[in-house]
Amino acid sequence: MTKNQRKKKESYALTYIRQGKMGILRIRPLPGSKWVEVRGKAGFENDYDENDYLHRTMSLIGKGVNVSDFVNGTEVVLYDRGDPTAKLAVRAIRAIVRYPDVQHW
């Protein structure tokens, strides 16, 4: 398997869901059907809370995906494109998927 194939193989589908006063980030490794959810306060776009785990996670991955589609609820795919911001976002999502019960940052 070449380096490029490994990069394309590790990709994640991300969906942001607003549910009342809660925001939910659904992370699904591709290919796959199981997902991990990160829950926190709603209002990431207008009322950023640096103590909220969901807000910190979304600010990390927001640099690696199309933010407007992501925040509007469209499923976006995150993969390592080779730039440092996407690489950091993939690393963060990988940690969340592997260890969902631990707050990593």
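Glu 37 is a good place to start: with a relative accessibility of 26%, this residue counts as partly exposed. In this predicted model, the side chain of Glu 37 meets that of Arg 39 in a salt bridge, with 2.8 Å from N to O. Arg 39 is partly exposed too, at a relative accessible area of 45%. A further residue joins them, as Arg 26, Glu 37 and Arg 39 are linked in a network of salt bridges.

Let us step back to see where these residues sit. The protein chain has four helices and four strands. Reading from the N terminus, the elements follow the order α-β-β-β-α-α-β-α. The chain counts 105 residues, and 35% of them are buried. About 6600 Å² of the protein chain is exposed, and carbon and sulfur atoms supply 50% of that area.

How do parts of the chain that lie apart in sequence come together? Take the contacts between residues at least 6 apart in sequence: 43% of these join residues at least 24 apart. Salt bridges offer some examples to look for, and the structure holds five of them.

One of these salt bridges pairs the side chains of Arg 94 and Glu 10, at 2.5 Å from N to O. Arg 94 belongs to helix α4, residues 84-98, while Glu 10 lies in the loop between α1 (3-9) and β1 (11-19), so the pair links distant parts of the chain, 84 residues apart. Are these two residues buried or exposed? Arg 94 is partly exposed, with a relative accessible area of 25%, and Glu 10 is partly exposed with a value of 25%.

Another salt bridge joins Arg 28 and Glu 75, whose closest N and O atoms are 3.3 Å apart. This pair also links distant parts of the chain: Arg 28 is in strand β2 (residues 22-30), and Glu 75 is in the loop between α3 (67-71) and β4 (76-79), 47 residues away. Arg 28 has a relative accessibility of 21%, just above the 20% under which a residue is called buried, and therefore counts as partly exposed. Glu 75, at 44%, is partly exposed as well.

Now turn to the interior. The largest nonpolar core has 21 residues, and those with the most contacts inside it are Leu 14, Leu 25, Ile 27, Ile 61, Phe 70, Leu 78 and Ile 93. Many elements take part: β1, β2, β3 (36-41), α2 (53-61), α3, β4 and α4 each supply at least two residues of this core.

Leu 25 is a helpful residue to follow by eye. Leaving aside residues up to four places away in sequence, Leu 25 touches Leu 14, Thr 15, Val 36, Glu 37, Val 38, Leu 54, Thr 57, Met 58, Ile 61 and Phe 70. Glu 37, where we began, is among these partners.

Finally, look at how two of the helices meet. Two packed helices are described by the angle between their axes and the distance between those axes. For α2 and α4, the angle is about 140° and the axes are 8 Å apart. On the α2 side, the contact is made by Tyr 53, Thr 57, Leu 60 and Ile 61; on the α4 side, by Leu 88, Ala 89, Ala 92, Ile 93 and Ile 96. Sorted by class, this contact has eight nonpolar residues, one polar residue and no charged ones. Ile 61 and Ile 93, which take part in this contact, are also among the residues with the most contacts inside the largest nonpolar core.

Technical notes
Residues numbered from 1 in each chain as written. Predicted model: local features only at pLDDT ≥ 70, side-chain atom pairs only at ≥ 80, totals over all residues. Heavy atoms only, no water. Buried < 20%, exposed > 50% of the residue type's maximum accessible area, 1.4 Å probe, protein only. Contact = heavy atoms within 4.5 Å. Areas by Shrake-Rupley, 256 points an atom, 1.4 Å probe, with all protein chains shown as cover. Salt bridge = Lys/Arg side-chain N within 4 Å of Asp/Glu carboxyl O. Core = buried A, V, L, I, M, F, W, Y, C linked by side-chain atoms within 4.5 Å. Axes fitted to C-alpha atoms, helices over the stretch in contact; angles between N-to-C directions. Nonpolar A, V, L, I, M, F, W, Y, C, P; charged D, E, K, R; others polar.
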